[in-house]
Amino acid sequence: MKPSKGWGIVSKTLNRIKENLFFARGYIFPIILVNLLFVFIVSLSINVSQKSFIWISFVTLLAAIAELYFVGKNRKGELDTIKRIIGSIRYSSYKSAEEIKLGKLLGELEDEIKAMFLKTQSDIANLKKLEHIRTEFLGNVSHELRTPIFAIQGYLETLLDGALEDENVNRTFLQKANQHTINLNNLLNDLIDISMIEAGQMKMSFRYFNVNEFLETIISEMKPHAQKKGIELMLKQQAQNFQVYGDKDKLRQVMVNLIMNAIKYTEQGFVEIGVVDGTKSAAIYVRDTGIGISENDLGRIFERFYRVDKDRSRAMGGTGLGLAIVKHILEAHNSKIEVKSEFGKGSEFSFYLKK
């Protein structure tokens with residue numbers, strides 16, 4: 001025998017009442033206590049019979065149940081709304097935080113959920129950006145490794161196919177293959193450096209050192225590279241010797257990168273390294289009269305594998321990581337690399353070190 005339609009409605013109503021009372025279970029004790037206190041006060045205030053007292057108690061109990069029902073109903077509604085909103089956030093149904101509405105009574109919670117939504121959106125955007133950077137980085141690494149490897153393989157195969165006996169080309173091919181192995185080694189060293197830096201594993205050793213002596217040593221080592229191109233490499237130093245604070249070895253890497261780049265992209269004129277003394281810090285700069293950097297490239301030159309002149313950089317052994325490493329090392333010194341450049345007229349890179 002099927003249950004009647006009326007019984008189904010009653011059963012559904014009872015379940016709803018039971019469900020709402022369940023959500024109000026945390027309020028049962030305080031509500032009943034308040035209502036019992038009310039009955040007690042009324043019984044003391046007026047002279048009531050036992051029957052009237054029982055009747056008042058019964059009505060008060062019904063009122064307490066009604067209060068619990070409506071409290072539970074409101075609480076259930078609020079929790080359902082919160083659950084729905086969190087589900088929508090999880091499934092990316094919202095396009096903006098303004099779509100999240102909880103009502104006036106839950107204003108503070110609404111603000112917190114909006115803040116959570118914005119943080120989640122930001123995290124997702126950052127993860128997508130990092131994934132794009134990772135994919136691009138792997139593609140660039142593969143390409144940069146493939147170039148010298150294929151070149152070395154080509155020269156060796158040519159030599160094995162008979163060119164080894166040809167005195168006119170064998171030494172030239174071996175020298176070119178050797179240069180590509182040097183380029184490959186430089187690339188691998190730079191990859192190791194930048195991976196350690198970005199993983200926070202770069203060990204720094206900060207101490208004071210004489211800046212003029214530091215720069216003189218580097219310039220004496222770099223002069224042969226400048227002389228090969230007929231470029232003057234000079235140091236414009238302060239008359240007064242003073243010390244700066246930093247990791248000498250890592251800063252040497254910075255200066256070598258900046259000076260080598262200046263020499264590479266300067267066909268005539270000079271490369272000048274200078275120090276400008278300040279009150280609490282000193283500025284070190286590398287200025288050249290080279291080809292300069294266009295305005296479109298200025299904002300990207302510190303990106304990994306970004307080259308202003310790709311063919312020329314590879315031909316000269318550039319890895320495309322030098323300026324990215326420079327940027328990270330200087331940031332570890334609480335400094336910042338700055339660049340001024342005019343296309344066709346030269347460039348100037350500078351940074352500050354604490355005295």
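In the predicted model, Gly 200 adopts a positive phi of about 75 degrees just after helix α5. The helix that precedes this glycine comprises 29 residues, which at 1.5 Å a residue should span 42 Å; the end C-alpha atoms of α5 are 42 Å apart, in agreement with that value. The buried residues of α5 include Asn 170 and Phe 173 towards its beginning, and Ile 194 and Ile 197. Among the others are the polar or charged residues His 180, Asn 183 and Asp 190, together with Ala 177, Leu 184, Leu 187 and Leu 191.

Aromatic pairs were counted next, and six were found. In one of them, the ring centres of Tyr 155 and Phe 173 are 5.3 Å apart and the ring planes stand at 55 degrees, so the pair is classed as tilted. Tyr 155 belongs to helix α4 and Phe 173 to helix α5 (residues 170-198), so this contact ties together parts that are 18 residues apart in sequence. Tyr 155 and Phe 173 are both buried. A further pair is formed by Tyr 208 and Tyr 245, with ring centres 4.8 Å apart and planes at 50 degrees, so these rings are tilted as well. Here the partners come from strands: Tyr 208 lies in β1 (residues 206-210) and Tyr 245 in β3 (residues 243-247), so parts 37 residues apart in sequence are tied together. Tyr 208 is partly exposed, with a relative accessible area of 42%, and Tyr 245 is likewise partly exposed, at 30%. Ring pairs join Phe 206 to Tyr 208 and Tyr 245 in a cluster.

Tyr 245 also has a charged neighbour: the charged end of Lys 354 sits over its ring, 5.5 Å from the ring centre. A second arrangement of this kind involves Lys 355, which lies over the face of Phe 242 at 5.0 Å from the ring centre.

Side chains of opposite charge can pair when their charged atoms come close. The model contains twelve salt bridges. One of them joins Lys 114 and Glu 110, with an N to O distance of 3.2 Å. Both residues lie in helix α4 (residues 107-160), four residues apart, or about one turn of the helix. Lys 114 has a relative accessible area of 14% and is therefore buried. Glu 110, at 11%, is also counted as buried. The pair is part of a network of salt bridges that links Glu 98, Glu 110 and Lys 114.

Another salt bridge is formed between Arg 252 and Glu 221, at 2.3 Å from N to O. Arg 252 is in helix α7 (residues 248-264) and Glu 221 in helix α6 (residues 211-228), so the pair ties together parts that are 31 residues apart in sequence. Arg 252 is partly exposed, with a relative accessible area of 33%, and Glu 221 is partly exposed at 37%. Glu 272 and Arg 287 make a salt bridge as well, their closest N and O atoms being 2.9 Å apart. This pair links distant parts of the chain, with Glu 272 in strand β4 (residues 270-277) and Arg 287 in strand β5 (residues 281-288), 15 residues apart. Glu 272 is buried, at a relative accessible area of 9%, whereas Arg 287 is partly exposed at 29%.

Helix α7 also holds a lysine without a salt bridge. Lys 250 lies in this helix and is buried, yet the nearest side chain of opposite charge, that of Asp 247, is 4.5 Å away. A salt bridge requires the charged atoms to be within 4 Å, so Asp 247 does not form one with Lys 250. The side chain of Lys 250 instead reaches the backbone oxygen of Lys 203 at 3.4 Å. Asp 247 has a contact of its own at the start of α7, where one of its side-chain oxygens comes to within 3.1 Å of the backbone nitrogen of Asp 249.

The 17 residues of α7 reach 24 Å from the first C-alpha to the last, close to the 24 Å expected at 1.5 Å a residue. Besides Lys 250, the buried residues of α7 include Leu 251, Val 254, Met 255, Asn 257 and Leu 258. Ile 259, Ala 262, Ile 263 and Lys 264 are buried too.

Key:
Residues are numbered from 1 along each chain as its sequence is written. This is a predicted model: local features need pLDDT of at least 70, side-chain atom pairs count only at pLDDT 80 or more; totals for chains, interfaces and linings use all residues. Side-chain values use heavy atoms; hydrogens and water are left out. Helices (H or I, at least four residues) and strands (E, at least two) are DSSP runs, numbered from the N terminus. Buried means under 20% relative accessible area, exposed over 50%, partly exposed in between (1.4 Å probe, protein chains only). Rings of Phe, Tyr and Trp (its six-membered ring) pair if their centres lie within 6.5 Å; planes under 30 degrees apart count as stacked, over 60 as edge-to-face and the rest as tilted. A charge sits over a ring if NZ of Lys or CZ of Arg is within 6 Å of the ring centre and within 35 degrees of the ring normal. The expected span of a helix is 1.5 Å times one less than its number of residues. Lys and Arg count as positive and Asp and Glu as negative; His and the chain ends are not counted. A polar contact is a pair of N or O atoms within 3.5 Å; within protein, one must be able to donate a hydrogen and the other to accept it, and residues adjacent in sequence count only if both atoms are side-chain atoms.
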